[in-house]
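The exercises below are meant to be worked with the sequence and the three-dimensional model side by side. Each begins with a task, and a solution follows step by step.

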Amino acid sequence: MMLPRLLLARATVAALALTAVAGALAVQAAGATPSPSASPTTANNCQVDPAFAGDPQVAALMARCKADLDAINGNKSKLQDNIAMAQGSVVGLQQMLKQTRDAIDASRKKQEEIKAKIHDLEQQQVLTSQQIEATRLRLARRRAAYADFLRRNYKFSPQLWSSLFDSNGISDFLSKATAMVQVQEFGRELLRSVKAEELRLEDQKTKLAKDHEDSVKQQGELVKAEIQLVADSSRETTILIQLQGSIVDAKNELNNAGAQTAALVAQIVAAQIAREDQLIQAANDAAWQAAQNWMASNTAAFPPQGTHSTKYPLIWPAQKGVLTQGFGPTDFNLEPPGFGAAHFHAGEDIANSEGTPILAADDGIVVAAEDSTLNGHSIGYGRHVIIAHHSGMLSLYGHLSAYGVKVGQAVHQGDLIGVMGSTGMSTGSHLHFELRVNNTPVDPMPYLPPNGPNDFRG
């Protein structure tokens, strides 16, 4: 009977050890400080003495312990993924914050240029008004002189005609008659030239007034845009600080996860991910808003429309490949929430080999050509381009391996803007194509030719 009792005693010890694990986890969850004797947690990988491994009670407790450990590790993995996503948003937000601040500096520089232009226009207006007044006085004097000439010509016309008839031959007669006509025509031409100068100056005055009005209006728009940009910069800075703080909190929770119960870890991770998801979404919205503000303050930079598809608004940016993920809710947990879904894919993914040409879907101006990186690693959208279009739409081309455009460059529909790759948060070579209207993601499919990807441009 000694052997069964010994085995039972050993099994009881093992059970008590695993019970101590559960008790320690419960103490941790309650916020109490465990005693040294209750220090074992799931961090010990649920190890027990191999001699007790065959005992059913011990095996059951080990299975439960391992299930809790797997749950904790699974939640830690989710939190790590979300931290990487948040870090990508931090980098993207930092880039857009720099772009916003650059736009503020550019706006202020442009305002100074317009202010100087307005000053010059006002001086030109004063000078032109003075010239018009002087021309009118000159015209009045010449009109008076010409009227006096005509009166004298009429008064002394008999003598003039007599002198013509007293001419020495037909040649002398014609010479004197021609001289009289030339004198009269010279007077009329003089009046016409002065009048033409007056009209020219009046036109110049009208144009100067219009240029002045346009410049004042442009100055007002720039001031308004700067106010918005400053507000965006402040909002982006606030989100950036909150997001960086959330990442620090998430890393702390990640380090402490091994000392918590599986249920508590799940609750912490869910709360932390929800918080980061909100901040990531706010960061993405702020980044896109900054791009829209850039577009609004640089309307003059848009190129004239080139050869363009007339049947559909856009062409396929990757004209060969396979659609691998569409617009809408998804089970891929690296996608941020949206439209009420826990994970939402905000664009269309087109897979093909690395180096596949990527084209501008429509005419526009490049408002971003950036690499999303963290500690030397490509994350988020990776290498990406954003184009602002005449229609107010913004298009994004993500995960490129290379791009050949720069911010401020005008592009036409079909221009090469980069090549396909797998940079950033990507599982393989593909293009992430995203559209936004009024800062809201929209499904690209209704804007594209059907049955794509294809090269249709009708």
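His399 is buried, with a relative accessible area of 6%, where buried means under 20% relative accessible area, exposed over 50% and partly exposed in between, computed with a 1.4 Å probe on protein chains only. The model is predicted, so that local features need pLDDT of at least 70 and side-chain atom pairs count only at pLDDT 80 or more, while totals for chains, interfaces and linings use all residues. Residues are numbered from 1 along each chain as its sequence is written, and side-chain values use heavy atoms, with hydrogens and water left out.

**Exercise 1. Backbone geometry**

Task: Determine where His399 and Asn451 lie, and describe the phi of each.

Solution: Begin with the general expectation that most residues other than glycine have a negative phi, and that most peptide bonds are trans. His399, whose burial was stated above, has its place in strand β8, and its phi is near 70°, a positive value in a residue other than glycine. Strands (E, at least two residues) and helices (H or I, at least four) are DSSP runs, numbered from the N terminus. Next take Asn451, which lies in the segment after β12 and has a phi near 60°, again a positive value in a residue other than glycine; at 76% relative accessibility, Asn451 counts as exposed. Finally, look at the peptide bond that joins Gly452 and Pro453, which is cis, with omega about 0°; Pro453 has its place in the segment after β12 (440-442).

**Exercise 2. Aromatic pairs**

Task: Establish how many aromatic pairs the structure holds, and describe the geometry of the pair of Phe327 and Phe344 and that of Tyr397 and Phe433.

Solution: The structure holds three aromatic pairs, counted where the ring centres of Phe, Tyr and Trp (its six-membered ring) lie within 6.5 Å; planes under 30 degrees apart count as stacked, over 60 as edge-to-face and the rest as tilted. Phe327 and Phe344 form an edge-to-face pair, at 5.1 Å centre to centre with 90° between the planes. This pair links distant parts of the chain, with Phe327 in the loop between β1 (322-325) and β2 (328-329) and Phe344 in strand β3 (residues 344-345), 17 residues apart. Phe327 is partly exposed, with a relative accessible area of 25%, whereas Phe344 is buried at 8%. Tyr397 and Phe433 form a tilted pair, at 5.4 Å centre to centre with 45° between the planes. That pair also links distant parts of the chain, Tyr397 being in strand β8 (residues 393-403) and Phe433 in strand β11 (residues 430-437), 36 residues apart. Tyr397 and Phe433 are both buried.

**Exercise 3. Strand pairing and nonpolar cores**

Task: Work out how β4 pairs with β1 and with β11, and then find which elements supply the largest nonpolar core.

Solution: Two strands pair if DSSP finds at least two bridges between them. Strand β4 (residues 348-351) pairs with β1 in the antiparallel sense over three bridges, and Gln325 stands opposite Asp349 in β4. β4 and β11 also pair in the antiparallel sense, over four bridges, with Ile350 opposite Leu431 in β11.

Turn now to the cores, each a set of buried Ala, Val, Leu, Ile, Met, Phe, Trp, Tyr and Cys residues joined through side-chain atoms within 4.5 Å. The largest nonpolar core has 23 residues, and those with the most contacts inside it are Ile358, Val385, Ile387, Tyr397, Ile417, Leu431 and Phe433. β6 (364-374), β7 (377-388), β8, β10 (416-420) and β11 each supply at least two residues of this core. A second, separate core of 18 residues includes Leu97, Leu243, Ile247 and Val269.

**Exercise 4. Contacts across the helices**

Task: Locate Leu201 and Asp68, and relate each to a residue remote from it in sequence.

Solution: Leu201 has its place in helix α4 and, at 0% relative accessibility, counts as buried. The C-alpha atoms of Leu201 and Ile132, 69 residues apart along the chain, are separated by 6.0 Å. Asp68 lies in helix α2 (residues 56-155) and is partly exposed, with a relative accessible area of 27%. Asp68 and Val265 are 197 residues apart in sequence and 9.9 Å apart in space, C-alpha to C-alpha.
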